[in-house]
Structure formats: structure tokens, C-alpha cells
Amino acid sequence: MRTIGRHLGKVVAGVGVGVTAAAALVAVLVPGEASGSDRDPGAGSAAGEPERGRPAVVEEAPPQRERGTGRDPLTDTELRRAERIALGQGFRHSAQDVRGRPGPQRIATDLAELTPDQVGQAAPSRRAEVELYDYRTDAYITKTVDLATGAVRHTDTQRGVQPPPTGEEVREAARLLIADPLGSGLREDFADATGKPLTSPDQLTVTGFVYRVDAENPGPRALADCGRHRCVRLFTRVVNGPWIDSRPLVIDLSDRKVARLG
């Protein structure tokens, strides 16, 4: 364990695992508390010995059907179709994603739960729920799409509701932090650990989670809009290297600004 006290705080040696987004953070596992593999190191042949000398066999995945049936997960074709229908021509141009481009930010697309009118049907129509976020209006939008008819059955629009950030949103938050004056400590700690300048989120392993203010967590004035705005905090780590503590910093993706807690 090594500490870089000049800048952001504790730095702990570890192994990078890629950019991810998390719904909530209960605890952070530092190296030594978690393994990169779920496999029992003693597992192997029936006698408990690892199998050796056998070449690996790579089998092609079976071809995926264009349409699923019943409660099968959505196929790739259904995912693309659901998102295309949900976006629509008008919404595609009126909304805005995390980088300011036309069209809403895609959050998730899943098979919708059965509605009361579908329960008991032999072959109910498959429906998909497409979750989107419009950065132009700070609205969380869920559209229910009937995959058989191509119709949007229901649209739910909420404000002040913040789903977990996607990988694209986490990368954009890291990009904003790296470029911001408040990211100087992150940049200096990265240079200390690697001897190289930090210029891209691709040089980091980043985990992000939503930050919001409420009656129990009023936060600083600069972050008063978090909750109505889309704000995230990051856990940052050098790829295949140490952690760098960036938790005191909050990135407001709606305003594209960085603020410090405390």
C-alpha cells in the first residue's frame, strides 16, 4: 500500500477491470479482498487435478433467432427494433445525449413485464421497455414498445429520478474531470504512478454512481441541483495499477461542471 498525500489521498496497488457503471456503492473491495476469478483454483478433472495437455476447443455460438418467444430475453434484432421505434423521428432530434449530440441518452432496454391484459394469454405480444435520458430537459423517459405491431404503448416521463449511469456517461464524467482545474490532483497522482500524462478516460478504470442532494444530504451550494441534474461521483484507478481517490469530486453531467464536496 502506498499513499500519495499531496493530492487526492490514498492510492492502493491493484488490477484494472475496465469502465463500469454501478447503481449504488455499498463497499469498495481493494486488492486482496476480492479475486478476479470465481473458479476454485483446485477445480479440474474429477480427481481434483487440473486437466493438462488438452487443447482448448472453441465452438461457435448457435445462430440467434430474429425474434424471441414468450419470456425469452430480447434478441439483438428486437433490441435494435425497440430502440428505433422508441426514438422516433421527432424525439431523435428534439432530445440530447450526454455529449450534447441530437437524440436522448440510451440507458437500458429490457423485456417488459406482462400487463394485466396479457396475463393468461397463450402467446402474449412481446413488449420492450426502453429507458432514455434527455439531457436537454433532464427527463428520465421510459417507453413501452409493442414489438409485434411497432407501436409505443406507453410513455412515462419523470424528473428528479436518476437511474444508474451507463458506461458512456461514466466515461464522459471522467473526461470532464480530467480536463477540469479540479482534476489537477487526479492528473498529478496519475503522473506520479505512471510517469505519463493523463489525457484520456481510456487510461483509467472508472466506476461511477449517482450523487444527489436531499434533506439528509444537502451538500454544498455548487451541487444544489444534483438530483434534478444528472450528477455522478467516480472511483478511479490506473489501468493495471493503483487506485486514485477522486470521491471528493462530483461531476454535474447536465451542466458539464465539476465541484468539490466539503
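**View 1. How much of the chain is buried.** Of the 262 residues in this predicted model, 40% count as buried. Now turn to the outside: the accessible surface adds up to about 15200 Å², and carbon and sulfur atoms hold 50% of that area.

**View 2. Helices, strands and contacts.** Tracing the chain, you will come across four helices and twelve strands. Look, too, at who touches whom along the sequence. Among contacts with a separation of 6 or more, 56% join residues that are 24 or more positions apart.

**View 3. A close look at helix H3.** Helix H3 covers residues 167–179, which makes 13 residues. From its first C-alpha to its last, H3 reaches 19 Å, close to the 18 Å expected at 1.5 Å a residue. Which residues of H3 are buried? They are Glu 169, Val 170, Glu 172, Ala 173, Ala 174, Leu 176, Leu 177 and Ile 178.

**View 4. Two tyrosine rings, Tyr 133 and Tyr 135, form a pair.** The count of aromatic pairs comes to two. One of them joins Tyr 133 and Tyr 135 in an edge-to-face arrangement. Their ring centres are 4.9 Å apart, and the planes make an angle of 65°. That angle is over 60 degrees, so the pair counts as edge-to-face. Are these two tyrosines buried or exposed? Tyr 133 and Tyr 135 are both buried.

**View 5. Arg 230 and the ring of Tyr 133.** Stay with Tyr 133, the buried partner from the previous view. Over the face of this ring lies Arg 230, at 5.0 Å from the ring centre. Tyr 133 therefore has Arg 230 over its face, with the distance within the 6 Å limit for a charge over a ring.

Note on methods. Residues are numbered from 1 along each chain as its sequence is written. This is a predicted model: local features need pLDDT of at least 70, side-chain atom pairs count only at pLDDT 80 or more; totals for chains, interfaces and linings use all residues. Side-chain values use heavy atoms; hydrogens and water are left out. Helices (H or I, at least four residues) and strands (E, at least two) are DSSP runs, numbered from the N terminus. Buried means under 20% relative accessible area, exposed over 50%, partly exposed in between (1.4 Å probe, protein chains only). Contact means heavy atoms within 4.5 Å. Accessible areas come from the Shrake-Rupley method with a 1.4 Å probe; for residues, only the protein chains shown count as cover. The expected span of a helix is 1.5 Å times one less than its number of residues. Rings of Phe, Tyr and Trp (its six-membered ring) pair if their centres lie within 6.5 Å; planes under 30 degrees apart count as stacked, over 60 as edge-to-face and the rest as tilted. A charge sits over a ring if NZ of Lys or CZ of Arg is within 6 Å of the ring centre and within 35 degrees of the ring normal.
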